[in-house]
Structures are given as C-alpha cells and as structure tokens.
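Subject: Structure handover

Hello,

Here is the structure you asked to look at. Please open it alongside this email.

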Amino acid sequence: MNTESVESLPESMTLWQDAWRRLRRRRLAMVCLAVVGLYTLAAMYGECVYWWYRLHDETPPYKRVNLAEQYQPPSFLRSPFGGRETGRMSSLERFLHGLKALGHHPLGTDGLGRDVLQRVIQGTRIAYQVGIVTSLIAIPIGVVLGCLAGYFGGRVDDFIVWLYSTFACIPGLLFILAIAMVVGKGLLGVYLGIGLTMWVGLCRLIRGEVIKHKERPYVTAARALGLGHFRIIFRHILPNVFHVVIVTFTLRFPYAIGTEVIMSFLGIGVQGEPSWGIMISNARLRLWHGVWWEMAAATAAIFGIVLAFNLLGDALRDALDPRLRTGR
Amino acid sequence: MWGYVVRRTLQMIPTVLGVILITFVLFNVVGGSPAAMTLGRHVSPRMLEEFDELRGFNKPLIFGWWTGTRAWDAAAFRRGGMHWPGAAAADGGGQRMAPGEYELRTAFELLPETVYRWDISFMEGGGAEVEFFCRGDVVPAGRTSEWRRVDGEWRRVLWRGGRSAGRAKVTVRVGAEPAGVLAGLRVRKASVMIRDIRLARRMEHPWDSQFIFYLRQLFPLELVHGAGGGWRLAWKGVDFGVSYATNQRVSRMLRDGIIPSLTLTVPIFFIGLMSGISLALVCAYFRDTWIDRFFVVFSVALMSINYLVWIVAGQYLLGYRLGWFPVWGYESWRYLLLPVLVGVISGLGVDIRFYRTIMLDEMYKDYVRTALAKGVGGAGILFRHVLKNAMIPVVTNTVIAIPFLYTGSLLLESFFGIPGLGYIGVNAVNSSDVDVLRAVVFIGAVLYVVANLLTDICYALVDPRVKIR
Amino acid sequence: MALSEELLRVEDLRVYFSTERGLVRAVDGVGFVLPKGATYALVGESGCGKSVTALALARLVDEPPGYYAGGRVLLRGRNVLEMEEGELRRLRGNEISYVFQEPAVSLNPVFRIGYQLAEAIRLHRRGVNVREEVLALLKMVGLPDAESKMKEYPHRLSGGMQQRVMIAMALACRPAVLVADEPTTALDVTIQAQILELLARLQRELGMAVLLITHNLGLVADLAERLLVMYAGRIVEAGPTLDLLRGPRHPYTRGLLAAVPRLRSVGGEVRGIRGSVPNPLRLPEGCKFHPRCPFASDICRRVEPEDEWDGERVVRCHRWREI
C-alpha cells in the first residue's frame, strides 16, 4: 500500500477513542451521560450525609420524624412568595423569605414529616449501591466463566454452558426472591439475589466473543510465543472483548435498580433505609388520601435513571459494537 | 422428525438435573431448615423436629450415617443455658462443671430402636474424672468393653486427669421404650471444662438423605410388591410436600392456582404479542420517518417505567379515581381487565423494540431487493416476504416466552389479588414457605426447559433451512 | 432487428448517499444509451458505483440514505426516476429485471422456488397458466427435473442452480432489459462459464437487451458488444468491446487490462494499478484518477475532463492522445 491510500484513511485511533468520538456526536447520549453524572453526584452526596450522621451518632434528616410537618406539599406549591406572615415585609425581604421557604422541604414531606428530597437522595444512594455491588458480583463470575468456556472449549465449555443454561432456566424474579429469602431479608439478600442471577447473560456473550477471538491470528501468535493460557486469556483476549462488559453493565444497571425497587416494595429488600421501593410502598397507601408528591418523586427518580441508562446503553452499544443487536 | 424430538428430549435431562441440584443447594444446603424461621422462636423443639421430619430436613444432606437432632440443644449448652447447679457458663462458650451429677436431659423422647451418639469435647480436665451414664431401656453400642453395668445403669469413664483437651464419643442404642431413658455425666475429684456436647442420630441407611428425599418427591417411582407376586414399578404422582402456611398439599395448591394464572396471562400474552408485532410492522413500514422514531423513543420510555408504577398508577387512576375497573379481587372477568391492561402496557416497550429490530433486520436482506426488482409493492414486501421470514425469530421467541406466562405475572397477581401461581409464590416468599416456593421455582424451570424443546421443534418446523439430523 | 433502435437512455445520472460521515457521490454524471437487443458490459473495480448505477435504472436504490441528485433514466422515452409508485411497480420485473450477485441470499429462503417464480408471473401477466409457465421457465434455464425442483426451498439447490432460478425469475415476463449485477461472482469458476453461456443463449433467443455488470474484464470479452468502464462514479471510457480491449485509451482501462492475468503470460509480471479506489468521501480535485495515474500532469490535477467522442468511442481523459 502506498502513501496516497494511507492518507485517505481516517487517522488511526484506538477502539475506545473511536467509540468516544462516535458517542460524543450523539446529543442524546451526551444528555444521558450528564443525567447519569447528576445521579452519581446525588448518590455520593447521599453517602456523605449517611456517614456524617452515622459517625456523629445522630438521626439523619431523612429519618427524623416530625409530626408537626407531616404531609407538606412541595414548597413551590405552598406559594412561597406570598402568605400571611410576609404581609409586613419589604419586597426584598419577601423575596429572601420566599427563597428560604422554597428551600424548606422542596419536595414536601411524608406522613411522618420526613423530607422527601432527602429520602429520594438516599434512595439514589441505595440504588447505586445495589447496581454497583451486584455488578461486582456478576461481572467477575460472568467474565471468568465466559472466558474459560470460550477459550478452553471441550469439557470446561460443556460444564459452564450447562451451568449457565441451568441458571437461565429458573424464572428470574422468582429465583431472586428465593435467594433473598434463603439468605435473609435485607441488602445482602438483594445483592446476592440479583448478582447471582445477572451473570448468565454476560457469560453467554463473553463466551461467544472469546470463541470468535480465539481463532484470530494475534492469539495464535501469542501462543506461538509460548505465553501461558491465562496470560493469553486475560491480557490479550479480554481487552478485546471488554466492550461487551461495558455495554452489558450499562444495560444491566437499570435492571438491578428496578429489581431492587420491586424487592423492597415486597418487603424482602432493603430494611429500615429509605429505598425507592419502600418509598413507593409507603406512598401507595397515602396516594389514596391525595398525597401524591412522595409517589411522584420516587417514580420520577426511578424513571430518570433507568431511561438515562437505557438510552446510554443503546448509544454505547452502537458506538462500541454495532453487531450486538437489541435482544430480549 | 421423531428421532429429533426424542434426542432433544434426552438433552433436557442434564438441565433438569441441574435445576434439581441448584434448587437443592439453594434451599437445603444454603438455606437449611426453615423451621425456626417459619414456626417462630417460641416453639417446642419437638414441633421443630416434626416440621423437619415431614420435610426431610432431619436427614444428612447427601450421604452419611449420622445426622443432628433437635432433642439436645447444643447451642443452649454452649451458652450456659442448662441451669445446672454446680455449673457455670465459661467465656468463649461451654460450661465449667464442679464435681457432681449432671443429667443430659433431652427436649423430647428419643426415637425407639435407634442408635444415638453423644459427642463431648473437654478442655483442661486437670485431675477430674468424668463418667458417662445412661439408664432405662438403653444398651451401649460400639466398643462395649469400656462399659460397666452398675446399679441398673450403664457407665463408662470418659476422662481421667492428665490430658489437656480432647473429645469422647459415646454410642448407645435406645430400645423399644424410650420414655425412661436418661443420660448424664458424673464429674468427680475436680471441676472440668466442657466446651461442647452434641447429640447425633444414626441413620438406618446412609443414603436416606435430604437429596434422595427430594428426588423421591420429584420422581416418586417405587418398587411395589404386586398382587400376583413379583415386583413392579409404581408411579405415585409428584409430591411437593405440605405447605406450612396453609397446611395444604403443595401440588393441590399449584393445581388450584393454574386456572387464575392462565386467565390473567393468556390474554396478556396474546394481546401483547399482537400489539407488539403490529406496532413493529408500523415502524418497519414507516422506517426512517418520524413515526418510526417516535415509536423507538416511546418504547424506550415505556421500558424505563417500573412495573410497580404501572400497577400503582393503574389501580389509583383507572381503578380508584376514574372507577372504571375494580381494583382488587377475582370474582368476574371485569376484575381481569385492569391487570391485563397493565400487563400488556408494561411489556409493550420491550416487545415493540424487539420485533422492530427483527423486522428491520429482515428489511435489509437481499431477498427484499429481489422482490422489489420483481415489482412487488411495499405492502407485499412487508406482509408477505418480510413477515414470513420474521416469523422464524418471532415464533421461537414467543415459545420461549411461554414460561413467563407462569411467573411473569408474579407482581400483578399479588397486587390485584388474583389467586394464581404468582400470588402463591409471593406469599410463599413472605411467609418463608419453603415447600411451596421450591415447587414453584422447580416447575417454572421445568416449564422453561420444555419451552426450549418446543422452540427448537418449532424452529425446525418453521424454517425450511434447518436440517433435522 | 435494428441494432440502433434506442431502448434505454441514461443521461447525466447522479445518485448520492448522505451518510453520517458526509455526502457520498456514488454515481456522478453517468450517461449511456442501450439499444434494443444489445449486450453492454459495465466494468470497474468494486466501489466504483456500477452496482448503484444498475439499481438506479429501476429506481431500486434505498431512499434514504440514497437519493437521485439529477439526471434522467429514459426507458422507451419514459423517465423512470419520475414515475409514480404504481407505474414503477409495473415496470420492475416486467420491462426491466435483475439478476443479482449472490443467489443464495437473493432468493427468499422461506418460499418455495415455484412460488417465487409464480409471484413474478402473477404480478405482471394475466390469463396465463402460471404452473405451465413456471415449468417452461425452469426448462428454459436448463434446470433438470423442473417438476420436483419447483417444490424445493432455495437452500436445497446448488449455487449454480439458484442462479438459474434467479435468471428464470428475471425472465418471467420477457423483459426488454435484463440487468445482471455480477451474476457469476459468487459461483465456482466452472459454473461461471455455464451461467454466462446461458445468458448469451437467452439473450439471442429472447432478443432482450442485457446490461452485464462485472469487475472481471476477462469474462465479458465474448459476451458484450460494448464496454463501459466506470471509475469513481463516472464512465471514463466506452467503446466497442474488441476495439477497447485492443486499444485502451484511458490510463485506467490500460491498468485494468494489464491486471488481467493471462495464461500466456505465466511467469510474466501481472501489473496492476497502483493505489486503491479513493475514499468516496474525499474524491480528489480534477480528474478523479490522477493520484493513481502514471501520466498525470498539471491540468489533470485541476480540471475534470469531459467526454471526448471519437467515432464510436468515448474517453474522459485530457491526455489520451499523447499517451
């Protein structure tokens, strides 16, 4: 090949740079990324609040019961810039007072006078914990088993395929609930229940990709150099199939969050912390009395993060590997 | 064709065995007996033992001669909960026992004609002498030379000073009259520190285990002595045991749950399928126009709304506020309308997306160009050429979705009060009803395996390219 | 049969594709006239726009991403590019029909062969015995045992058989123009010759015009009366086959001919054209071939050459007289 044709090719880029470039061109994907970033910040803030009050051994605001302030609607519906007590104030004072009132329970309070915004933020923290811990359980299992099955084939492959097809047989939500029941109610049950069922899809995808890569010349070359099997798998093949992990992670994160919400709603998930599922469960009964804002806050929070992750996952898949098609 | 079906059926066996193994590991190995959890804390050990006996939890896991029994509360001993005069709880578990006589009183009568083993761990014996004794209808088993018969009781010295730690095992056989049987320890000369005392029961057969018990529940095949002499195999009917919470046979509960589940899920399945495919066809027909783009965004948004929200919003808005549908119960067909609607809507996003991908994949195949070049019109292309090809993935994915009919409505049933399998399952989780839950999980998995088989057969029937070898 | 009777006239055809990365001018100003009953061959490297040209003749390019940026395709005087959907449908498969490159994927896998042929007949012809007609077509393309082959699914036939079915389908309505887009590329060499022979025979028997699209110059010598050489979306040289093969004028044609390996020159050097097909997003200024042309001069880099007629031959090159 001579110089002219080299010039006509796009500048050489790594796979990741190229994917990032393609992703950046999509406005929607960038918006989703920003939304995810916002939620991440909220989760981190929630974590700080949680630990601050825990280390100081105080009741955090999201658990503080204040019956005098129960069922307060969101502040913007309470006409913050008017009202009786502002009658004798100057306009500036009234404005400042209004601002202060806006900041007071901006999303209202629940039946025990607890601040809804703080609880939603704590829900974000729990959702992130669930998403991250379940991924930390599922990804290593899926990646290691998938790589081993794909690379070694034969008996190893038979065994791992048998293992994951057996897991895949068991009805998803029921299996998760059963694991959680056996382990006991609480976050541990949620982690294990979701984590131990989520690796199946990833394992199957990784296995397929590794089988494809196993025959590529670079693997043959690595083998000819006398590299060990595990070095070839984890240093040479894995980086080439890692995009599958990223995409799966992005698409599974909202699934884990949604499942946690359902489990907490059913009462076998998070105990004693304000998870979104628990908020919905509490708010469901209050809805009948016209207290809609707790419900609205929790459902909107869930919808936002799940939608952002779903769209981002799609965009990432298109950017990283158009061959991974939308499946069930 | 039949050979293919038979071969595929045989291939199901390892998966079914895998399901059995996983459910066994989950409920028996990891979970263990749920007796204390289900019955509550303030229940006699005898009732716990009966609970376990009924469900096989008082057997060894897979293979073994010895199994634990709740007749002796080893944990209470370690805590110092026996309240013996002359004994005191020691730090780190166990009891320091002064010279004297201690009865090892069991919580309930031991089983007649059964071998038991006491397993006693000592610490820092000092100069103490510890003797085991038992009275009543009981005889020593095992090494009988160390035993003495004195004053109507059997005695055996377990421990004489000079050693720092160790354990002793005493095996006895309870006779036909277990009522008066009593075992105990006599400590002489100095006090002794006893870490742990355990009681184990010897099985008559080492294979009489939880695993075999479970297998025999699932495959109740037995050798029966026939009427005309000779042996024959008899199938007793699958038995999932008895539910603790409702005290009904599990198989009976499941049978009763099938009809309500089907009345809910079959309409959801078909309406969902039809609307999913039609909307996907609309997308394919108007591909790359705003209609298609709208449905893409719409389906992702639908997918992102949690199932719970659909249920709660449906019950509140359509059921309570507008009063169009009854909110809770299972009395007439009207009670099914709202759950069916919620079920269809919540699944629609995924369906549209999935079927649209299939249709568009087909739209860009070469045979479409050929058909166009022949002069086939847009509708002919879509409904004749593309749809028939798309039916292959659609059919296979539809068949594989059939097991979801069984559990897909888990939440719907429990929140709309429809007494189906999902309702039963969620209740079982809430009341830790292991038998029911295990049965529901197991049947769900087997259904999935069967659906897999059907999928492959359908695939072979629908796609002329598949060769049945 | 008067050879000069004009059947299909393509004038200044432009087909562009708007892609994520920019505008691709796949076909940019192609023009030729196909007389009744003639066989023309359109040759060029892959990616030069010959398949798009072929598809555009019946307005088969996917819109979007493609669109017709200009020009006319006149079939018997009617502009195909301005036809309505219904008229277009009556045209396709009836007056102009196609044989595509890969019969294995171009036949619909879930319909029996008989049905696919019958569909082509039913769409355009009334009052014929479809079954008889299908059998006749299959016999015409030399498919043995037509009776049972009718009931087979495409995947049960070999590649050559599938291509015969494709040809039968294309001829179902005795079209005036048959466009064969690389009809033999996906086939074994021995089968290639059979299929080309079949096309030649059918062309003689049915008297239709054939536009044969190929990247293989060696195949067309016996078959086509006239060669059209395409490069980067343009016809760079055209002329009677033998003249053109004996005395190529455009440097690209020369390179193409030099790249054809000949039995006689075993051991000799097979020369190619240096470089490769230019990136369609970034076509060079001036003559599109100049970066690869050994004779490129200053004017080639600045000004795009126009068609220059010389008797029956056309060439698009500033310097063809000099070299």
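Below is what came out of it, chain by chain and then contact by contact.

Please keep in mind that this is a predicted model. Every value below is computed from it.

**Chains B and C: overall form**

Start with chain C. Its secondary structure comes to 12 helices and 12 strands. The C-alpha atoms of chain C fill a box of roughly 65 × 50 × 45 Å along the principal axes. The radius of gyration of chain C is 20 Å, which agrees with the value near 20 Å for a compact globule of 323 residues.

Chain B has 15 helices and 14 strands. Is chain B a compact globule, or more spread out than one? It is more spread out, because its radius of gyration is 33 Å, well over the 23 Å that the globule rule gives for 469 residues. The box for the C-alpha atoms of chain B is roughly 110 × 60 × 45 Å, again along the principal axes.

The domain assignment splits chain B into domain 1 (74-202) and domain 2 (250-462). The C-alpha centres of these two domains of chain B lie 63 Å apart.

**Inside chain A**

Chain A also has two domains by assignment. Domain 1 of chain A covers 14-73 + 116-326, and domain 2 covers 74-107. So domain 1 is written in two segments, and the centres of the two domains, taken over C-alpha atoms, are separated by 41 Å.The contact between the two domains of chain A takes 8 residues from domain 1 and 8 residues from domain 2. About 700 Å² is buried between these domains of chain A, with 65% of it on carbon and sulfur atoms. There are 0 salt bridges across this interface. The count of residue pairs in polar contact, both at pLDDT 80 or more, is 0 as well. On the domain 1 side, α5 (116-152) and α12 (293-320) of chain A each supply at least two residues. That side of domain 1 divides into 6 nonpolar, 1 polar and 1 charged residues.

**Chain A against chain B**

How much area do chain A and chain B bury between them? The figure is about 4100 Å², and 77% of it is on carbon and sulfur atoms. Chain A brings 40 residues to this contact and chain B brings 48.

There is 1 salt bridge between chain A and chain B. Arg353(B) pairs with Asp314(A), and their closest N and O atoms are 2.6 Å apart. The count of residue pairs in polar contact between these chains is 4, with both residues at pLDDT 80 or more.

Several helices of chain A each give at least two residues to the side that touches chain B. They are α6 (154-169), α7 (172-183), α10 (229-266), α11 (276-287) and α12. The most comes from α12(A), with 10 residues. By class, the side of chain A that touches chain B has 28 nonpolar, 7 polar and 5 charged residues.

Note that α12 of chain A appears twice in this email. It supplies residues to the side of domain 1 that touches domain 2, and it also supplies residues to the side of chain A that touches chain B.

**Chain C against chain B**

This contact takes 27 residues from chain C and 19 from chain B. The area buried between chain C and chain B is about 2200 Å², and carbon and sulfur atoms give 61% of it. Which three residues supply more than any other three of the area that chain C buries against chain B? They are Val110(C), Glu119(C) and His155(C), which together supply 23%.

Glu119(C) also takes part in a salt bridge. Its partner is Arg384(B), with the closest N and O atoms 2.5 Å apart. The count between chain C and chain B is 2 salt bridges. There are also 12 residue pairs in polar contact across this interface, both residues at pLDDT 80 or more.

On the chain C side, the elements that give two or more residues are β6 (96-99), α3 (103-106), α4 (113-124) and α7 (159-170). Of these, α4(C) gives the most, with 6 residues. The side of chain C that touches chain B has 17 nonpolar, 6 polar and 4 charged residues.

**Where to look**

Two pairs make handy starting points on screen: Arg353(B) with Asp314(A), and Arg384(B) with Glu119(C).

Best wishes

Notes
Residues are numbered from 1 along each chain as its sequence is written. Chains are lettered from A and ligands numbered from 1 in the order in which they are written. This is a predicted model: local features need pLDDT of at least 70, side-chain atom pairs count only at pLDDT 80 or more; totals for chains, interfaces and linings use all residues. Side-chain values use heavy atoms; hydrogens and water are left out. Domain bounds come from an automatic or database domain assignment. Contact means heavy atoms within 4.5 Å. Buried area is the accessible area (1.4 Å probe) that two parts lose on being put together, summed over both. A salt bridge is a side-chain nitrogen of Lys or Arg within 4 Å of a carboxyl oxygen of Asp or Glu. A polar contact is a pair of N or O atoms within 3.5 Å; within protein, one must be able to donate a hydrogen and the other to accept it, and residues adjacent in sequence count only if both atoms are side-chain atoms. Helices (H or I, at least four residues) and strands (E, at least two) are DSSP runs, numbered from the N terminus. Ala, Val, Leu, Ile, Met, Phe, Trp, Tyr, Cys and Pro count as nonpolar, Asp, Glu, Lys and Arg as charged, and the others, Gly among them, as polar. The radius of gyration is taken over C-alpha atoms; the globule rule is 2.2 Å times the number of residues to the power 0.38.
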